[in-house]
Amino acid sequence: ESTAHRRGGRGREVHDGEGRARRRGSWSIDTASMQGALAAESHEQGRTLCVRFNQTGGCFACGTEAGIRVYNCDPFKETIRRNFGVSQSRAGRGHSQGSADQAGGLCTFGGIGIVEMLFRSNLFAIVGGGDFPAFPTEKVLVWDDHQCKWIGELGFHSKVLGVRLRRDKIVVALKNKIFIYNFEDLKQLQQLESVDNPFGLCALSSQQDKAVLVCPGLQVGQIRIEHLDHRRSNFINQAHTSSLACLALSLDGNLVASASEKGTLIRIWRTAPKETTGEFLEQELRRGSDRAQIYSVAFSPSNTYLAATSSKGTVHIWPVVPAQSPNESPSTVWRRLVPDYFNSKWSLAQYRLGDESTSACSFGSKENVLVIVTASGKFHKIQFDLSEGGECRKISFQKFNS
């Protein structure tokens, strides 16, 4: 059975006028051993292991074989590069806590498999990853980039598969458990059981007055919605007939999008049932008829549009339309006679990445602007016609995997 523990003393988060967060009374985890690596940043980062937007989509972080990198989206710019326990070593140059390969190339003892940002603050939750993890994959470390020191650690008995942050909570997903902690002192608040969750799926609302957690339930295809402030749970049974592969919450925490391992349909649900009918389902969207892995799903800030990326190397965008009332919806007889293929809504706009690597998407400041980043190191900013849809127009493209 997996358990969590806390090391160090109590910390408190405060915000200055620039919106950055600092820890007071924080603790350091082996900070001295990091100074050499941070002082001698390598320009060679190796493979990108993960990509993840912050809560508002204004910037994104990459975990690489050597550390983390953070980029601003508008304008596109690298803002942070940190190597954890790794420095460049070629033909006898440089030094590392590990050992370089036989060719004298980049030492890969520094892989980061998960990096989660807290808005635009200097706080990050980090988990080791790749062939040569920088840290044990059973630990979550909290990094304060303003102080260049570790300020917290959570340890478990099995691999950490997912981490989510909000200003007052940190959520950690293991294969069959979800742990919820208070961010201020890392005190455990709740522990939830789940069906096998190999992708570490969990989604956490960022709005301060609405703490909603969404994760797999206790059965295959079931969604659990946890209202953390009220300690109340809702379950959506048979949300999908196969295992969940992707979950995403809207910014206001009112809607959740889900996809299964089949990857043909995306369903939008309410996080609270309708008072009149008790139903959760809002809309069913069709990506295609062939199986695919849904890599990411994102709502626009106003919940007007939803976008998804997949292993097909395509991006799809749909308008989000509230469910019709019973008097306006097609008859139940019609729904029984017509296959789901015709009942679901096809995408309004599409875009081809030309790249099947893992990707993440997020809407920009405008409703019709979408940003996509890929693990192969490509940044796409695209625009779509709100009324006509069709093929999206590329407005910016950058390569950052160098």
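## An exposed loop residue

Arg-231 counts as exposed because its relative accessibility is 55% (exposed means over 50% relative accessible area, buried under 20%, and partly exposed in between, with a 1.4 Å probe and protein chains only). Its phi is near 50°, a positive value in a residue other than glycine. You'll find Arg-231 in the loop between β18 (223-227) and β19 (232-236); strands here are DSSP runs of E with at least two residues, numbered from the N terminus.

A quick word on the model: it is predicted, so local features need pLDDT of at least 70 and side-chain atom pairs count only at pLDDT 80 or more, while totals for chains, interfaces and linings use all residues. Residues are numbered from 1 along each chain as its sequence is written, and side-chain values use heavy atoms, with hydrogens and water left out.

## Phe-119 and charges over rings

Phe-119 also has a phi near 50°, again a positive value in a residue other than glycine. This one sits in the loop between β8 (112-117) and β9 (123-128). At 15% relative accessibility, Phe-119 counts as buried.

Phe-119 has a charged visitor, too: Arg-167 lies over the face of its ring, at 4.1 Å from the ring centre. (A charge sits over a ring if NZ of Lys or CZ of Arg is within 6 Å of the ring centre and within 35 degrees of the ring normal.) Elsewhere, the charged end of Lys-394 sits over the ring of Phe-397, 4.9 Å from its centre.

## Aromatic pairs

Searching the whole structure turns up 17 aromatic pairs. Rings of Phe, Tyr and Trp (its six-membered ring) pair if their centres lie within 6.5 Å; planes under 30 degrees apart count as stacked, over 60 as edge-to-face and the rest as tilted. Take Phe-156 and Tyr-181: their ring centres are 6.4 Å apart and their planes stand at 70°, so this pair is edge-to-face. Phe-156 belongs to the loop between β11 (149-155) and β12 (162-166) and Tyr-181 to strand β14 (residues 177-182), so the contact ties together parts 25 residues apart in sequence. Both Phe-156 and Tyr-181 are buried.

Tyr-181 pairs with Phe-179 as well, with centres 6.3 Å apart and planes at 25°, so that pair is stacked. Phe-179 is buried, just as Tyr-181 is. There's also an aromatic cluster, made up of Phe-53, Phe-60, Tyr-71, Phe-76, Phe-379 and Phe-400.

## A hairpin and a cis proline

Strands β4 (residues 48-53) and β5 (residues 59-64) pair in the antiparallel sense over five bridges; the cut-off for pairing is at least two bridges found by DSSP. Within this pair, Arg-52 stands opposite Ala-61 in β5. The two strands make a hairpin with five residues between them, and Gly-57 in the turn has a positive phi of about 80°.

Further along the chain, Asp-74 and Pro-75 are joined by a cis peptide bond, with omega about 0°. Pro-75 has its place in the loop between β6 (67-73) and β7 (76-83).

## An open five-stranded sheet

Five strands line up as β24-β25-β26-β28-β32 in an open sheet with mixed pairing. The edges are β24 (294-299) and β32 (390-391), each with a single partner strand, so one side of each has no neighbour in the sheet.

How do β28 and β32 run relative to each other, parallel or antiparallel? They run parallel, with two bridges joining β28 (residues 349-352) to β32. Ala-349 stands opposite Gly-390 in β32.

Methods
Helices (H or I, at least four residues) and strands (E, at least two) are DSSP runs, numbered from the N terminus.
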